[in-house]
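Hi,

Here is the structure I said I would pass on. Have a look at it first, and then read my notes below.

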Amino acid sequence: MKKQEIPKRNERARVKRLPKLSNEPTPETTPASSIQFEVSLDELAGLLELSTRRVAELRTSGILTPAGRGRFDGAKSIRGYIQHLRQELAVKAGASERTTLLQERTLKVKADRELAELRLERERGEVVSAVSVREAGIKISAALSSRLAMLVNDAAGSLAGLDERELHRQLTGRVNTILKAFKEDLEKV
C-alpha cells in the first residue's frame with residue numbers, strides 16, 4: 001500500500017481556514033476586524049441568502065467589498081451587508097413614526113372639519129340638541145295622554161247602548177276631534 005503523503009509544514013501554513021460560525025468563542029482570540037477570507041459570488045450569495053443578481057447590485061452600490069474578479073472579501077462584505085440592513089430598519093422605523101404622526105394629523109383635521117360643519121348646521125337650525133328633542137317628546141306625550149284620557153272619560157257614558165254603526169260614527173268623530181286638538185298642541189311645541 002501506498003503511504004498517504006502528509007503536506008509539509010510550510011504547505012499547511014498556506015491553507016487558509018474559515019473562522020468557525022458558532023456562538024461559542026473561538027479558542028484563538030482573533031479580533032473581528034482582522035478576519036479575512038475571500039469568497040466567490042455564488043458563495044457570498046449563499047451565505048447572505050440572496051440571488052447572485054442582488055449580490056452584484058449590492059457590490060455596485062458599495063455595500064459589498066470586491067476582492068478581485070468574481071471574488072469578494074467575505075468579512076468586509078458581511079459586515080457591510082449587516083450595516084446596510086440596520087440602516088434599512090432605521091429608515092423603516094422612522095417612516096412608521098412619520099406615518100403615524102401623519103395619520104394623527106389627518107384625523108385631527110377631519111375632526112375639526114366635522115365640528116365646524118356641526119356648528120354651522122346648528123346655527124342654521126338644521127340640527128337640534130338632544131335635550132331639546134327630549135323636552136319636546138315629554139310635552140308631546142303629556143298632550144297625547146291627556147287627550148286620550150278625555151276620550152275615555154267622555155265616551156264611557158255617552159256611547160253606552162248605541163248600535164254598532166252609530167258607535168263607529170261617534171268614535172270616529174271623537175278621535176278626529178282629538179287628533180285635530182293634538183295637532184294644534186304639537187304646533188305649539
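**What I found**

E49 sits in the loop between helix 2 and helix 3. Keep in mind that this is a predicted model. The phi angle of E49 is near 55 degrees, which is a positive value in a residue other than glycine. E49 also counts as exposed, because its relative accessibility is 74% and the cut-off for exposed is over 50%.

On to the two helices on either side of that loop. Helix 2 covers residues 41-48 and helix 3 covers residues 52-60, and they pack with their axes 9 Å apart at an angle of about 100 degrees. That angle falls in the 65 to 115 degree range, so helix 2 and helix 3 are roughly perpendicular to each other. Which residues make the contact? Helix 2 brings L41, D42, L44 and A45, while helix 3 brings T52, V55 and A56. Sorted by class, the contact of helix 2 with helix 3 has five nonpolar residues, one polar and one charged.

Now for the overall layout. The protein has six helices and three strands, and from the N terminus on the order of elements is α-β-α-α-β-β-α-α-α. There are 189 residues in the protein, and buried ones make up 15% of them. The exposed area comes to about 16,200 Å², with carbon and sulfur atoms supplying 55% of it. If you look at contacts between residues at least 6 apart in sequence, 47% of them join residues at least 24 apart.

**The sheet**

The three strands form an open sheet in the order 1-3-2, and the pairing is antiparallel. Which strands are at the edges? They are strand 1 (38-40) and strand 2 (66-68), each of which pairs on one side only. From one strand to the next, the twist averages 45 degrees. Strand 1 pairs with strand 3 (residues 71-73) in the antiparallel sense, over three bridges. If you want to find that pairing on screen, go to V39: its bridge partner in strand 3 is F72. Helix 2 turns up again here, as it lies across strand 1 and strand 3 and runs at about 95 degrees to strand 1.

**Three buried residues in helix 4**

Helix 4 spans residues 74-124, and H84 is one of its residues. A75 and S77 are in helix 4 too. I went through them in sequence order.

- A75 has 8% relative accessibility, so it counts as buried. Neighbours within four places in sequence aside, A75 is in contact with I35 and F37. A75 and L64 are 11 residues apart in sequence, and their C-alpha atoms are 9.6 Å apart in space.
- S77 has 0% relative accessibility, so it counts as buried as well. Not counting residues up to four places away in sequence, S77 touches L44, I63, L64, T65 and F72. You have met two of these names above: L44 belongs to the helix 2 side of the contact with helix 3, and F72 is the bridge partner of V39.
- H84 counts as buried because its relative accessibility is 14%, where the cut-off is under 20%. Which residues does H84 contact, once neighbours within four places in sequence are left aside? The answer is R54, L58 and I63. I63 is also on the list for S77.

**One more loop residue**

Is G62 buried or exposed? G62 is exposed, with a relative accessible area of 57%. You will find G62 in the loop between helix 3 and strand 2. G62 and G80 are 18 residues apart along the chain, and 8.5 Å separates their C-alpha atoms.

If you only have time for a quick look, I would start with S77, at 0% relative accessibility, and then go to E49 for its positive phi. After that, try the pair formed by helix 2 and helix 3, with the angle of about 100 degrees between them.

Cheers

Definitions and conventions
Residues numbered from 1 in each chain as written. Predicted model: local features only at pLDDT ≥ 70, side-chain atom pairs only at ≥ 80, totals over all residues. Heavy atoms only, no water. Helix = DSSP H or I, 4+ residues; strand = E, 2+ residues; numbered from the N terminus. Buried < 20%, exposed > 50% of the residue type's maximum accessible area, 1.4 Å probe, protein only. Contact = heavy atoms within 4.5 Å. Areas by Shrake-Rupley, 256 points an atom, 1.4 Å probe, with all protein chains shown as cover. Axes fitted to C-alpha atoms, helices over the stretch in contact; angles between N-to-C directions. Parallel < 35°, antiparallel > 145°, perpendicular 65-115°, else oblique. Nonpolar A, V, L, I, M, F, W, Y, C, P; charged D, E, K, R; others polar. Pairing = 2+ DSSP bridges.
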